[in-house]
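Let's take a friendly walk through a protein model together. Have a look at the sequence and the 3D view, and then we will go through some parts one by one.

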Amino acid sequence: MTALALAFCASCGKPHTEQRRDYKAEAEAASVHCVSKADCYLCGDGNIRYKEYYGQNNVGIISLNTFELMPVEINRYDESGQLIEESTGVMQSRSFKNGDDGFSAHLMLDADRGIANVDITPYGDSGLSLDTTAGFLCEDCLTEFAGELYGNAYGIGIINFSERKMTAFLENLVGFSAGDYYIHCDFDPQYGKIKTLIALAPLRYADDG
């Protein structure tokens, strides 16, 4: 009995090895679900609901499964699309819920300092399904997106509106750039949250070469 217990405990102490996902192969198989370039939510006009944000120097928190998103408007624009270059004098607090099964988020935005803190609870967007993602993207955009995935990817990411590019939150990726923005992530397994700092941090010196 003791020997069996010791053997069981020894096996419990071994690290759990998860099967690696081949995202490129998954994307290739999922490409049958892709839309045309004209209907692509990134390079086309498929995402009519959020078309007003495209071209802005801002980012958003996006579900990679449903393409619902929470814009993070650190830069403010008027109705004609011109950047509003003046202080707000306030901090903004806002909550977001992606349906009954998708992620929820709470935003604290200080536009005057160019930073935002977002607490994200993944819920149904904790996992990424490229079959579902493919239904919103053309084959080229899906292939490019999947080519940057590794490890365990969440079904949530950052979309950069000026570049029309998405980056998924990855389990072991604590920081990355999205255009002029730096994104820092703290993964809290105890409460199942992704604590995210978004900072406007453009290059200080342009490269003229």
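Does aspartate 119 count as buried, partly exposed or exposed, and why? Aspartate 119 counts as partly exposed, because its relative accessibility is 31%, and a residue must be under 20% to be buried or over 50% to be exposed. Please keep in mind that this is a predicted model.

**Two aspartates**

Aspartate 119 lies in strand β5, which covers residues 115–121. Leaving aside neighbours within four places in sequence, aspartate 119 is in contact with Ser104, Ala105, His106, Ile194 and Lys195. Methionine 108 is 11 residues away from aspartate 119 along the chain, and their C-alpha atoms are separated by 8.8 Å.

Now turn to aspartate 110, which has its place in strand β4, residues 104–110. Aspartate 110 is buried, because its relative accessible area is 13% and the cut-off for buried is under 20%. Not counting residues up to four places away in sequence, aspartate 110 touches Met91 and Ile115.

| Residue | Strand | Relative accessible area |
|---|---|---|
| Aspartate 110 | β4 (residues 104–110) | 13%, buried |
| Aspartate 119 | β5 (residues 115–121) | 31%, partly exposed |

**A sheet of strands**

Strands of a sheet pair through backbone hydrogen bonds, either parallel or antiparallel. Here, 4 strands make an open sheet with antiparallel pairing, in the order β2-β1-β6-β7. Its edge strands are β2 (69–72) and β7 (165–170), each of which pairs on one side only. On average, neighbouring strands of this sheet are turned by 25° against each other, direction ignored.

Let's follow the pairs. Strand β1 (residues 59–63) runs antiparallel to β2, and 4 bridges join them. One of the residues to find here is isoleucine 61, whose bridge partner in β2 is methionine 70. The hairpin of β1 and β2 has 5 residues between the strands, and in this hairpin phenylalanine 67 takes a positive phi near 65°. Strand β2 is covered on both faces: Leu69 and Pro71 are buried on one side, and Met70 and Val72 are buried on the other.

On to the other end of the order. Strand β6 (residues 153–160) is joined to β7 by 5 bridges, and these two strands run antiparallel. Asparagine 160 stands opposite lysine 165 in β7.

**The nonpolar core**

The largest nonpolar core has 56 residues, and Ile61, Leu130, Leu149, Phe169 and Ile198 touch the most other members. Strand β6 gives the most to this core, with 5 residues. Isoleucine 61 has many contacts to explore: among the residues it touches are Leu69, Met70, Phe103, Val118, Ile156 and Ile198.

**One face of a helix**

Which residues of helix α4 (residues 139–146) are buried? They are Cys141, Leu142, Phe145 and Ala146. Seen down the axis of α4, these buried residues fall within an arc of 125°, so they line one face of the helix. An α-helix has 3.6 residues a turn, so residues three or four places apart point the same way. The buried residues of α4 pack against α2 (23–30), α3 (130–133) and β7.

**How confident is the prediction?**

The protein chain has a mean pLDDT of 88, and 90% of its residues reach 70 or more. Over residues 1–17, however, the pLDDT is below 50, and this stretch has 0 contacts in the model beyond near neighbours in sequence.

Technical notes. Residues are numbered from 1 along each chain as its sequence is written. This is a predicted model: local features need pLDDT of at least 70, side-chain atom pairs count only at pLDDT 80 or more; totals for chains, interfaces and linings use all residues. Side-chain values use heavy atoms; hydrogens and water are left out. Two strands pair if DSSP finds at least two bridges between them. Axes are lines fitted to C-alpha atoms, for helices over the stretch in contact, and angles run from 0 to 180 degrees between N-to-C directions. Buried means under 20% relative accessible area, exposed over 50%, partly exposed in between (1.4 Å probe, protein chains only). pLDDT is the predictor's confidence in each residue, from 0 to 100. Contact means heavy atoms within 4.5 Å. A nonpolar core is a set of buried Ala, Val, Leu, Ile, Met, Phe, Trp, Tyr and Cys residues joined through side-chain atoms within 4.5 Å. The arc is that of the directions from the helix axis to the C-beta atoms.
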